[in-house]
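Here is a short tour of some aromatic rings and one annotated arginine. Please keep the model open while you read.

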Amino acid sequence: MSSTSDFKQVQFFRDISNVADNSLVCRHPTTSLLSVLDASLLVIPGPIEVTDEVLYANAHPSVSHMSAGFTAVFGESIRLTREVVRTTTAQPFLISGSGTLGWDQVSANLVEAGENVLVLNTGYFGDSFADCLQTYGAEVDQLRADFGETVAVAQVEQALQSKKYKIVTITHVDTSTGVLSDPQAVAEAVKKVSPDTLVVLDAVCAVASEEIRMDNWGIDVVITASQKGLGAPPGLSIVVVSEKALKVFETRSKPIPAFYASWKRQVWLPIMKGYEGGTPAYFATPPVNLIHAYHQSLTQIIKSGPSLDERLKLHRETSNRIKTAAAELGLSQLPIVPGIAANGMTALWCPDGVKSSELLPAFLQRGVVIAGGLGTRKDKYFRIGHMGSTAINSERGDVDRIIDVLKEVILEATSKR
């Protein structure tokens, strides 16, 4: 892109920020925000479409990460994060990085080399979490669900009876398959059979689109990221740690085998407590603009309408609309039964004789960006994300657009067979 083009786009953003009614500059026909670079509808399972207010917050002027204004925003972001996962006492960590950094934080801080971890594997991301844990020296056993299924609670209980595990990990929604696990049921089983075992929930593709009650369910760690149901741009690793898990961390016997991912006393734990208490501290520069965007999204989720409960209800309704439309086209979901299908995304098998690599360009030609599959079956299925503003704001028209384009693409693809 030329420097002249860059200048024109910057000037456009400056001009439009001073316009009270910018409805003529549309990202989508029914929305109000500018996009001079890309008018496509982004409906992969993250990053997702974000609200105008979040985009503007992300364009906040650069400020000192030690300033009083930023400290207040960071501190409230920590407090609001607790409300989203419904905990009153757990400690959030907001650190620059992707959701993957959450795996490193758990592996480095809560597991010591040689300790046993049980991974409930429902897809590609269970494999990756297991790999991360092994990298830090954990002895990992996996309970692998059949493709499109969840791990039975009875299997979890049996495994816990056979061996002492430091941690059990659950992928709440495996983004590769759209399979929705039941963390409440697993946590209850752990509490019954092995109450000292920590329950770690990989909820990157679940927070703010699926119900999570961290305290009530007995979840010890929730791992997530900014770019999915939380409705902010990518780049923020969000990990929420219970008091029980922090005590395990504080009483570990071996040094933490990490630097950036460490919670040790002079690094991330005191920094989070400091910002929340109004006294910022420094280890690594936080993503100032992204924190502003995340704070704006949290404010909309917690303090504005719809409420969090209503938001989750709207995700379920949106999910049902898209899955019903897919079924009417003869498409099957990867999750084998409706009750284990995620509400923030839909994973669908391609029609016979059609590859996802053929479908994605057809969607893109119609201005809709979806995702293909992952792993060994990646060309046999495709994925549609419907989280955040796409799911909850009917005025955007995103869901209607997804369904219309889905019908066009599938009918076109099957007519060519």
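A charge sits over a ring if NZ of Lys or CZ of Arg is within 6 Å of the ring centre and within 35 degrees of the ring normal. In this predicted model, the charged end of Arg377 does just that with Phe147, at 4.0 Å from the centre of the ring.

Now to rings that meet other rings. The count of aromatic pairs comes to 15. Two of them are set out here.

| Pair | Centre to centre | Angle of planes | Type |
|---|---|---|---|
| Trp103 and Phe129 | 5.6 Å | 15° | stacked |
| Trp349 and Tyr381 | 5.9 Å | 70° | edge-to-face |

Trp103 belongs to helix 4 (residues 100–110) and Phe129 to helix 5 (residues 124–135), so their pair ties together parts that are 26 residues apart in sequence. Trp103 and Phe129 are both buried. They also belong to a cluster in which ring pairs link Trp103, Tyr124, Phe125 and Phe129.

The edge-to-face pair links distant parts of the chain as well, with Trp349 in strand 11 (residues 345–349) and Tyr381 in strand 14, 32 residues apart. Tyr381 is buried, at a relative accessible area of 0%, whereas Trp349 is partly exposed at 26%.

Strand 14 (residues 381–385) also holds Arg383, where an unreviewed UniProt entry places the feature "binding site". Is Arg383 buried or exposed? Its relative accessibility is 7%, so Arg383 counts as buried. Among the residues Arg383 touches are Val43, Pro45, Ser176, Met345 and Gly373. Thr175 is another of its contacts, and the side chain of Arg383 reaches the backbone oxygen of Thr175 at 2.8 Å.

Conventions:
Residues numbered from 1 in each chain as written. Predicted model: local features only at pLDDT ≥ 70, side-chain atom pairs only at ≥ 80, totals over all residues. Heavy atoms only, no water. UniProt positions renumbered as here; feature names shortened; annotations may be inferred. Helix = DSSP H or I, 4+ residues; strand = E, 2+ residues; numbered from the N terminus. Buried < 20%, exposed > 50% of the residue type's maximum accessible area, 1.4 Å probe, protein only. Contact = heavy atoms within 4.5 Å. Polar contact = N/O pair within 3.5 Å; in protein donor to acceptor, adjacent residues only side chain to side chain. Phe/Tyr/Trp six-rings, centres within 6.5 Å; stacked < 30°, edge-to-face > 60°. Lists of a residue's contacts leave out its neighbours within four places in sequence.
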